[in-house]
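The exercises below are meant to be worked through with the sequence and the coordinates side by side. Each begins with a task and is followed by a solution in steps.

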Amino acid sequence: MSAVTSSALRPLLSPALMATLKGLGILAAIALAIVLLVHSGAMPKGSIGHKVLAAPFIDMWDLPDLLVQTLWEGLVAGVLYALIALGFVLIFKASGVFNFAQGIMVVFSALTLVGSYEIMTQRMGLPPGTVVAILALMIAIATMFVLAWLVERIVLRPLVNQNEIIMLMATVGLTYFLIGFGEYIFGGNPKVMITAQLGLPVGQTQFNILGGRVNIQHLDVAAAVIASIMIAGLAFFFQYTRIGRALRAVADSHKAALSVGISLNQIWVIVWFTAGVVALVTGIMWGARSDVSFALEIIALKALPVLILGGFTSVPGAIVGGLIIGIGEKMGEGYWGPLFGGGIETWLAYVIALGFLLFRPQGLFGEKIIERI
Amino acid sequence: MFYRETGQFKTNYTDDMAIFPIRQDRIGIAIILAIALILPFVVSEFVLKTILLPFLALSVAVIGLNILTGYTGLISLGSAGFMGVGAYACYKLTTIFPEVNIIIWIFASGFFAAAVGVFFGLPSLRIKGLYLAVATLAAQFFLQWAFVRIPWLFNYNPSGAIEVPLRTLFGMPITGPTAELEVKYLICLGFVIGMTWLASNLVHGRIGRSWMAVRDMDIAAELMGIKLLNAKLLAFAVSSFFCGVSGALFVFLYLGGAEAGTEFAIRLSFLILFAVIIGGTGSMIGSFFGTAFIVALPTILKFGAPAIGIAITGATAEKIVLMIIGALTIYLLIVEPHGLARLWQIMKQKLRVWPFPY
Amino acid sequence: MMLHVSPTAATTGIAKGEVLLNVENVSLRFGGVKAISDVSFDIVKGEVRAIIGPNGAGKTSMLNCINGFYFPQEGHITYKGVRRQKVRPHEAASSGIARTFQNVALFKGMTTLDNIMTGRTLKMNVGLFWQLLRHGPAMREEIEHRRKVEDIIDFLEIQAIRKIPVGKLPYGLQKRVELGRALAMEPELLLLDEPMAGMNLEEKEDMCRFILDVNQTFGTTIALIEHDMGVVMDLSDRVVVLEYGRKIADGTPDVVKADQKVIDAYLGVAH
């Protein structure tokens, strides 16, 4: 491509697209290099280079059904990571707080849901079923509202304008408090999510494709659909409603927003409540796949690399980042994990995120930062 | 009345640049050191074991993180991982070369932690602030994984744990199950005093100034001729060195054995960061306040509440302790975001002008 | 005045009156925005060179190019006879370029003394080992540089605020400390970005005195951005005028003052 056409093309291709194309080009070059290396015999079977660079891809090619299964599982995990990251992003945009407690809010909201359902059916003698489940859901939503209100009153308002690290520590304090409080009220035992009672589909379907079988849990499909609807809803809410506009104003500048009469306190309650609802949805989905207990906290930490990848303030970043991390992690664990003795899921996500950052320090969707002095 | 600097004239720059320029402060430090020396022989074994030993071991890590976070402005959530590196390095060193004294190995293990710290500090050149904090979690999780998955590190012990062997100094056991608590305490104290002295020297000189310059305004620091990469990596190295020594002390003199998955988990990283913030960023004395707070508070809540007649069972106590720690964290941050060290300063200032209000 | 600080003594082969820094056809873009286009001028050893122009003319960007904070896409900057490619800020600092900022860029958590001591960083070289002990060579070096810093403190008349964190100082004093920090680097070329912005008359007079003193006593070359025309015309030997990133005039204050383009740029043109 000559210099003239490339500069003429530049306005057509956004910088992000250019970067993606460049990345794809590099990937293609690497793939070609590997193929050449294997074919030329420079990497014999069984050598470390072959094991790391070639064997996993040969496996993928030979067993496409396993590949599809892995990709699907990665996708579902990615959607859920994206949801947790979304909660972080909402709060960080509106109040500049890196809410470490988001992960605990996921567990806490799910626990409230299951706990209040248990209390109503077992101690109060209400008949188990959808009605009580919906009632429990409403209680959980109300609890998240009260939590948002209390957080704004007790934590955010006195700490307004403090250093970001102090806000982070305050949310760590909130995390400890919620763990203690949740276990005190609902007990520390793992609970089973009331999936069927909430009307969510259970069971699975098997597809016979590519010469093998692929299992798809109905719940995972529901999770992906619900997450998509919720993200679309939030996007609409922030783009087209009065409160959404106010929220974007607050995200840009607290002071300017205050000066045009936007109530910061009100916005914060709304945002924390929204993040709480997102947490509740995430909690239901995760809880349905495993038990509801504070062990889920670890999963919430997995959403953090999604944030460095996608940026703390970008909603699309959270979604794309979530998918990249989810799929990358499952692929890495499945195909490369055995080389390391397994269990690399705990840190692989961070390595993927850091690898991206080396090439794009501003994150996936961030603007290139021009420092001024 | 008694805390006045009137009449103390400094006639040369050495006096003016002393770390404790006021005579009363020097006397105060001497008294504190004297008390610290007598303490193990007067307090009960319980206090020695559950409060004083972990306090000393952890305070080194807190000073280390304070160098990174408080002085250089880089937030790290991987301190527990670096402590683990120190502990495992010390374990490997003393089992491979048992003839070398353990005290040398505890110190040397810091170098291994420093090397690992520099490696994980590399992203700090490109990413800043909370992004860096999240990135350092990579170190935490990777190291934790390595401690569990690499059996060579714990000498293929089937339980996956390390057990501290018996080591002596002048024929007296200082590590292992037979060592006296008082001896362990004094060894720890020696390390704490030495390391604090080194850290304090460092932050008061050229290197400390360049760290603070990077913290306050990195662009201007670069225009002063400070190389950001060098300054940041040195901060990571020194900080991790301290964490490593602290980890070795923590396992060899306090715990007596450890399983990495549980001891050097992310919660400890947060606890150390918390001690730095509560104590006061960029303050040596604050590091001690902060450590005292995180070590003493859970113990006091757990064992102190029943003592004054509030009957709570063990399991409930755990939960309530968590709630109180959480609530107290938030409360302290609201009351004094600059930490206990700032309260200490205000108190000294009040004392200086007492009995007048200002 | 007896000062131990002697910025230009024998550090360079460039004599007074020769070209110290030469800017040739420099252009700087941010994406599609041209901040500087095709600007050339030179700075002669020992002079006070003013860069003036309306807001957004590219004056600060020009300084940023000179001390390596931005890399111009086109053109060259020759410093001390060496044509530079992509100089990093710390390299510019070690080659003798110091700088103050439009919005004070001090280290807010550090005391006045520490701030100015930071300016000595490049001149200090005792290693980590002695730094850890803070004895012997480290202490000797510290005292030697403290002495020089105290001279600067005396020169700028800021003795009383020596041990106060600069974040607590009023704006005028902060500007003075910042000048002190730049002086502590013993620069050959001192870039001052609006050193008198936001000052009252008295503070401005003080600052003018300091700038002239620095220039005349040490022979330090000074490049100065300033909006106060009275100050510029009084202080500077030569003035370069920028508008919308282009050079519109260059010469002695009297020549520039009479230039029609400059008058238009500042007063507007009748349409």
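Helices and strands are taken here as DSSP runs, a helix having at least four residues and a strand at least two, numbered from the N terminus. The model is a predicted one.

**Exercise 1. Two residues of chain C with positive phi**

Task: Find where Glu194(C) lies relative to strand E7 and helix H7 of chain C, and determine its phi and its exposure class.

Solution. Begin with the location: Glu194(C) sits in the loop that joins strand E7 (189–193) to helix H7 (201–218) of chain C. Next comes the backbone, where phi of Glu194(C) is positive, about 45 degrees, although the residue is not a glycine. As background, most residues other than glycine have a negative phi. For the exposure class, a residue counts as buried with 20 or more other C-beta atoms within 10 Å, and as exposed with 12 or fewer. Glu194(C) has 19 C-beta neighbours inside 10 Å and therefore counts as partly exposed.

The steps can be repeated for Arg134(C), which is found in the loop between helix H4 (128–133) and helix H5 (137–156) of chain C. Its phi is near 55 degrees, a positive value in a residue other than glycine, and with 19 C-beta neighbours inside 10 Å, Arg134(C) counts as partly exposed.

**Exercise 2. The contact between chains A and B**

Task: Establish how many residues each chain gives to the contact, and which helices of chain A supply its side.

Solution. Count by chain to start with: 39 residues come from chain A and 31 residues from chain B. On the side of chain A that touches chain B, helix H7 (164–186), helix H12 (297–310) and helix H14 (345–359) of chain A each supply at least two residues, and the largest share, 17 residues, comes from H7(A). Sorted by class, this side of chain A comprises 29 nonpolar, seven polar and three charged residues.

A single residue of chain B can then be examined. Leu322(B) belongs to helix H14 (residues 314–335) of chain B and, leaving aside residues up to four places away in sequence, it touches Tyr176(A), Ile179(A) and Gly180(A). Leu322(B) has 22 C-beta neighbours inside 10 Å and so counts as buried.

**Exercise 3. Two helix pairs**

Task: Describe how H4(B) packs with H6(B), and how H8(A) packs with H9(A).

Solution. For the pair in chain B, helix H4 (residues 79–96) and helix H6 (residues 129–149) pack at an angle of about 30 degrees, with their axes 8 Å apart, and the crossing of H4(B) and H6(B) is left-handed. From H4(B), the residues Ala80(B), Gly81(B), Gly84(B), Val85(B) and Tyr88(B) meet Ala139(B), Gln140(B), Leu143(B), Gln144(B) and Phe147(B) of H6(B). The residues of this contact divide into six nonpolar, four polar and no charged.

For the pair in chain A, helix H8 (residues 218–240) and helix H9 (residues 242–252) pack at an angle of about 80 degrees, with their axes 5 Å apart. H8(A) and H9(A) are therefore roughly perpendicular to each other. Here Phe237(A), Phe238(A), Gln239(A) and Tyr240(A) of H8(A) meet Gly244(A), Leu247(A) and Arg248(A) of H9(A), and by class this contact has four nonpolar, two polar and one charged residues.

**Exercise 4. Helix H10 and a loop glycine in chain B**

Task: Compare the span of H10(B) with the span expected at 1.5 Å a residue, and then list the contacts of Gly160(B).

Solution. Helix H10 (residues 228–255) of chain B has 28 residues and reaches 38 Å from its first C-alpha to its last, which is close to the expected 40 Å. Of its 28 residues, 23 are buried, so H10(B) is largely enclosed by the rest of the structure. Just after H10(B), Gly256(B) takes a positive phi of about 85 degrees.

Turning to the loop, Gly160(B) lies between H6 and strand E1 (162–163) of chain B. Gly160(B) touches Val148(B), Phe154(B) and Glu259(B), when residues up to four places away in sequence are not counted. With 15 other C-beta atoms within 10 Å, Gly160(B) is partly exposed. From C-alpha to C-alpha, Gly160(B) and Phe147(B) are 8.8 Å apart in space, and they are 13 residues apart in sequence.

Terms used. Residues are numbered from 1 along each chain as its sequence is written. Chains are lettered from A and ligands numbered from 1 in the order in which they are written. This is a predicted model: local features need pLDDT of at least 70, side-chain atom pairs count only at pLDDT 80 or more; totals for chains, interfaces and linings use all residues. Two residues are in contact if their C-beta atoms, placed from the backbone, lie within 7 Å. Ala, Val, Leu, Ile, Met, Phe, Trp, Tyr, Cys and Pro count as nonpolar, Asp, Glu, Lys and Arg as charged, and the others, Gly among them, as polar. Axes are lines fitted to C-alpha atoms, for helices over the stretch in contact, and angles run from 0 to 180 degrees between N-to-C directions. A crossing is left-handed if the near helix is turned anticlockwise from the far one by less than a right angle, and right-handed if clockwise. The expected span of a helix is 1.5 Å times one less than its number of residues. Angles under 35 degrees count as roughly parallel, over 145 as roughly antiparallel, 65 to 115 as roughly perpendicular and the rest as oblique.
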